[in-house]
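This briefing introduces a structure to a reader who has not met it before. Please look over the sequence and the model, and then follow the points below, which are grouped by topic.

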Amino acid sequence: MADNIADLILGGDPSTHLLQEAFAFDITLTKVRCAACNTVSCLGALAVDGGHLEALVKCADCGSNLMRATRTSRGCVLEMHSARHLYF
Ligand SMILES: [Zn+2]
């Protein structure tokens with residue numbers, strides 16, 4: 001089993017290039033569609049709440065929790081409960 005995306009790409013599977021493209025973009029330029037109200041917003045324009053251990057992004061229209069990044073003792077976790085799509 002590969003330890004990271006670079007190991008997968010070196011393995012020659014062309015579908016891994018799509019994953020690399022999906023995770024090698026500038027997140028602030030991404031647009032996100034809210035699953036609750038269908039509003040599309042630029043992620044970089046949305047307010048972020050939290051602190052050193054958590055970042056919470058809410059929909060500017062309905063207030064739903066779009067994304068939550070949490071730092072744990074084992075790494076970072078990204079939850080996207082109310083984000084239907086990311087466009088990049
Ligand atoms: Zn919304």
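**R33 and its surroundings**

The side chains of R33 and Y87 make a polar contact with each other, at 3.0 Å. This value, like the others here, is computed from a predicted model. The points that follow start with R33, then turn to the zinc ion, the nonpolar core and S82.

*Strand β1 and R33*
- R33 is a residue of strand β1, and R33 counts as partly exposed because its relative accessible area is 21%, which falls between the 20% and 50% cut-offs.
- Leaving aside residues up to four places away in sequence, R33 touches N38, T39, V40, S82, A83, R84, H85 and Y87.
- Although R33 and L86 are 53 residues apart along the chain, their C-alpha atoms are separated by 6.6 Å.

*The zinc site*
- Four SG atoms, those of C34, C37, C59 and C62, coordinate the zinc ion at 2.3 to 2.4 Å, and along the chain the donors follow the spacing C-x2-C-x21-C-x2-C.
- The site of the zinc ion is tetrahedral, with angles of 104 to 114° among the four donor atoms; for comparison, the ideal angle for four tetrahedral donors is 109.5 degrees.
- Of the donor residues, C59 counts as buried because its relative accessibility is 5%, under the 20% cut-off, whereas C62, at 39%, counts as partly exposed.
- A search of the whole structure finds zero disulfides, and C42, a cysteine with a relative accessible area of 38%, is partly exposed.

*The nonpolar core*
- The largest nonpolar core consists of nine residues, namely V32, C34, L43, L46, V57, C59, L66, M67 and A83.
- Two elements, β1 (31-34) and β5 (65-72), give two or more residues to this core.
- C34, which is listed both in this core and among the residues that coordinate the zinc ion, touches T39, C59, C62, S64, L66, S82 and R84 when residues up to four places away in sequence are not counted.

*S82 in its loop*
- S82 lies in the loop that runs between β6 (75-79) and β7 (83-87), and S82 counts as buried because its relative accessibility is 17%, under the 20% cut-off.
- A polar atom of the S82 side chain lies 3.3 Å from the backbone oxygen of N65.
- Again without residues up to four places away in sequence, S82 touches R33, C34, A35, A36, S64, N65 and L66, and these include C34, one of the residues that coordinate the zinc ion.

Note on methods:
Residues numbered from 1 in each chain as written. Predicted model: local features only at pLDDT ≥ 70, side-chain atom pairs only at ≥ 80, totals over all residues. Heavy atoms only, no water. Core = buried A, V, L, I, M, F, W, Y, C linked by side-chain atoms within 4.5 Å. Buried < 20%, exposed > 50% of the residue type's maximum accessible area, 1.4 Å probe, protein only. Helix = DSSP H or I, 4+ residues; strand = E, 2+ residues; numbered from the N terminus. Contact = heavy atoms within 4.5 Å. Donors = N, O, S within 2.8 Å, 3.2 Å for Na, K, Ca; no water. Tetrahedral: all angles 85-135°; square planar, octahedral: opposite > 155°, others 65-115°. Disulfide = S-S within 2.5 Å. Polar contact = N/O pair within 3.5 Å; in protein donor to acceptor, adjacent residues only side chain to side chain.
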